[in-house]
Amino acid sequence: MNAHDTALSQRAGNVDMTHGGGGRAMADLIRDLFARHLSNPILDRGHDAAMLGAQAGRIVVSTDGHVISPLFFPGGDIGSLAVHGTLNDVAMAGARPIGLTVGFILEEGFPLADLERIVMSMADAARKAGVPVVTGDTKVVEKGKGDGVFITTTGIGVAPDDVDIDGSKAKPGQAILLSGTIGDHGVAILSKRENLEFETEICSDSAALHTMVAAMVEAVPAIAVLRDPTRGGLAATLNEIARESRVGMMLDEAEIPLKPDVSAACELLGLDPLYVANEGKLICICEDADADRLLEIMRAHPHGGDAARIGTVTEDSNTLVQMRTGFGGTRVVDWLAGEQLPRIC
Amino acid sequence: MKYVQEYRARDLAQKLAAAIAREADTGRDYHFMEFCGGHTHAIFRYGVQDLMPENVRFVHGPGCPVCVLPVRRLDDAVEIAERHNVILCSYGDMMRVPGTKQRSLIRAKADGADIRMVYSTMDALKIARDNPDRQVVFFAIGFETTTPPTAVAIRKAQADGLDNFSVFCNHVLTPAAIQHILESPEVRDLGTVKIDGFLGPSHVSSVIGSEPYEFFAEEFRKPVVIAGFEPLDVMQSVLMLIRQVNEGRNEVENEYTRVVTREGNLKAQELVSDVFELRQDFEWRGLGMVPYSALQIREAYAAFDAEKRFAVSEKASREVKSCECPAILRGVKKPTDCKLFGTVCTPDNPMGSCMVSSEGACAAYWTYGRFRADAPAKAKKEVAA
Amino acid sequence: MCLAIPAKVIELADGDMATVALEGVKKRISVALLEDVTPGDYVLVHVGYALHKVSPEEADRTLKLMSEAGVLAEELEEITGGAA
């Protein structure tokens, strides 16, 4: 039996404590699974610390822990999500991501085949994004002390000197743009949750948005705010921005892109799509005069076809996000209290 | 979404708003109680109040099953889960409601109790089938709408010999609660709560029919319009109520004819009466003890009655002092009349049930309209624009 | 109270079960509470159970009533506006 066969038999088995023990099993796992799929010149050196070339501009760093159930869902898995999520966080500062680091926490007993599937999906997402995984780490915890796999990724990027994008920069009169439909990710996840199962063709929108951001920033360096509405959905993110910028907002419900199936799933479960998570959407706040140009750039991008202007920043010392309803009234779009639970009444 | 989207149409809303404004007598006020939280939710979510003239007001009623469940029953559910080590299945709505000392199902779960959220009684049956070595208790709450699915589950458990499944029954009856409100001194004698008519329950009525309300119209001389939960249904029903008031009529009218008939769903009624019988007394949060206002599991199905299977201790359950939920549920006070509202009590840290349920008057006020009172003129102007 | 939504029955199954569709979303529900359900019917779905059928005729009638109420009022407005 040669070394390669050993690795194959490992992949048919489960993660055990030796995979985090620092011995040969760990070295095999790193070589045959992580290094093999994520290979690039910097990672291949096999150092704990990666060295990146000096870059003009300012360094942007962001880190994100990923825990999700189920690990595999329509439109992605925890691996692709861990790449997209962190690239987007770096991009929302107006930066160009240049490298990712990754930390795995594996639970004893987790199938190696599933781990390989996750690592391959991660590698694929990183390759498509053109951003290498430059270093990483693996730990194993005893059974019952983890939930299969947790992944933490850190992204490093570079922002041009003339870009100053920040959640506190929104000003009354500015336009609020959204890159596409809301709630796709959350509904895709819920459709696979135990006890809720329903059939839908909705897939997670998990996607990297840094190339869209690069085109936007190049055309309009004066963008005030960029942010991705992930957990808590559009409502939570707009409320965050309103509070940081000390402004109000008036949204137009009819302009917010929403797929009919997402709307239907939300009606069935008693959820409000404004609070449902997205993983491949961005909110952009800009001067009114720049709105059309930015919308054009967003719509030309593969992940921005449904981009729309959904509202306007207003002056409001209460920092309220309000919405003109499609019905003709107005309502406050508040923060979400706790987790949104499916309801019967 | 057929039969949904049509009833949220903006152009019809404008037409109905014009009709209501035209027909409402400017020389008087109209106070209509919407019994159901579903109506409360629609009114706030779609901004229906914005489309009403100043003199047409909604009085929020007690029709939220989460809000009316007394703390004691919730404490009992937590005790069943913790002391008897069962799997307790609950609808999502109950999870965050605070019991005595702010203990909710979510907190009990964090402390180690096996509490699972389900969407349907069928899910609870499945959990029982999948865990034959554990006792599984379904925490049943709700009005006549939610009761038939519980009855089906109990019959199914009996048919399948699923003896590790039982139900902690808290099902309550809508007509009994409406009668209690109409007979309360605030409405009848003191006039503290002015009610000129009722928006009648929509989905409850799909099961029980419109007939049970005929007694109220006659006995208490109040118009009732059974109203759908979509915003146009609410507006059309308000128009029908205004016409009854203007013409001095006190009738039961049905706006929600696409789902509600006079006799209701007879098959569902039969299933319910096969499994359940009236309870002599049941405590409602806000209303106190209301005779014959709730259901209990019949002797023939006693094996599936969690109250008979699991003993609970006598306990001093109590609500947070100065929480006005009880008065708010009766329509005597508005959420903004409560000292705790928006200060100690917020959706992030609810003190009472009305702040937890998305149908609770306090949560609706907080989420959709808490600054409305400060700036009604401004809100109106924006709608007009 | 009582969140329920009309959905279309697309298939019946054993044990009083059925599949309903709401737009492209499909869900298995129980039709144990109803008599004579056939594919194509719209039913009101609550906690995974069909509570009642939706009557297409009555649905149309209600919509017609709503638009008539408005029309009448608008005409009234025109008449009184013209008279003033």
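**Exercise 1. Place B:Lys321 in this predicted model, and decide whether the residue is buried or exposed.**

Start with the chain itself: B:Lys321 sits in the loop between α14 (306–309) and α15 (325–329) of chain B. Next, count neighbours. There are 7 C-beta neighbours inside 10 Å, and the cut-off for exposed is 12 or fewer. B:Lys321 therefore counts as exposed. Finally, look across the sequence: B:Met351 is 30 residues away along the chain, with a C-alpha to C-alpha distance of 9.3 Å.

**Exercise 2. Split chain B into its domains and describe where they touch.**

First, get the bounds. The domain assignment gives domain 1 as 1–319 and domain 2 as 325–384. Taken over C-alpha atoms, the centres of the two are 20 Å apart.

Now go for the contacts: 29 residues of domain 1 of chain B meet 23 residues of domain 2 of chain B. On the domain 1 side, the elements giving two or more residues are α2 (37–45), β2 (56–63) and α3 (65–68) of chain B. Of these, α2(B) gives the most, with six residues.

Last, sort that same domain 1 side by class: you should get 13 nonpolar, nine polar and seven charged residues.

**Exercise 3. Work out the strand order of the five-stranded sheet in chain B, and say why two of its strands have a side without a neighbour.**

Read the order off the pairing: β2-β1-β7-β8-β9 of chain B, an open sheet with parallel pairing. Then check the ends. β2 and β9 (252–254) of chain B are the edge strands, each with a single partner, so one side of each has no neighbour in the sheet. On average, neighbouring strands here are turned by 25° against each other, direction ignored.

Zoom in on one pair. Strand β1 (residues 30–36) of chain B runs parallel to β2(B), joined by six bridges. Within this part of the sheet, B:His31 stands opposite B:Arg57 of β2(B).

**Exercise 4. Do the four-stranded sheet of chain B, then find helices that pack on it.**

The order is β4-β3-β5-β6 (chain B), again open and with parallel pairing. Here β4 (114–118) and β6 (165–171) of chain B take the edges; each has a single partner strand, so one side of each goes without a neighbour in the sheet. The average turn between neighbouring strands is 25°, direction ignored.

For a pair to inspect, take β5 (residues 136–142) of chain B and β6(B): they run parallel, with seven bridges between them. B:Gly142 has B:His171 in β6(B) as its bridge partner.

Now add the helices. α6 (residues 121–130) of chain B touches β3 (87–91), β4, β5 and β6 of chain B, and its direction makes about 170° with that of β5(B). α7 (residues 147–159) of chain B touches β5 and β6 of chain B, at about 160° to the direction of β6(B).

**Exercise 5. Which residues have the most contacts inside the largest nonpolar core?**

The core holds 268 residues, and the answer is B:Leu16, B:Ile20, B:Leu88 and B:Met235. Take B:Ile20 and skip its neighbours within four places in sequence: what's left is B:Met52, B:Pro53, B:Val56, B:Met235, B:Val238, B:Leu239 and B:Ile242.

**Exercise 6. How many residues of chain A are in contact with chain C, and of what classes?**

Count first: 14 residues of chain A contact eleven residues of chain C. Then classify the chain A side, which has seven nonpolar, two polar and five charged residues.

Definitions and conventions. Residues numbered from 1 in each chain as written. Chains lettered and ligands numbered in written order. Predicted model: local features only at pLDDT ≥ 70, side-chain atom pairs only at ≥ 80, totals over all residues. Domains from an automatic or database assignment. Contact = placed C-beta atoms within 7 Å. Nonpolar A, V, L, I, M, F, W, Y, C, P; charged D, E, K, R; others polar. Core = buried A, V, L, I, M, F, W, Y, C linked by C-beta atoms within 7 Å. Buried ≥ 20, exposed ≤ 12 C-beta atoms within 10 Å, placed from the backbone. Pairing = 2+ DSSP bridges. Axes fitted to C-alpha atoms, helices over the stretch in contact; angles between N-to-C directions.
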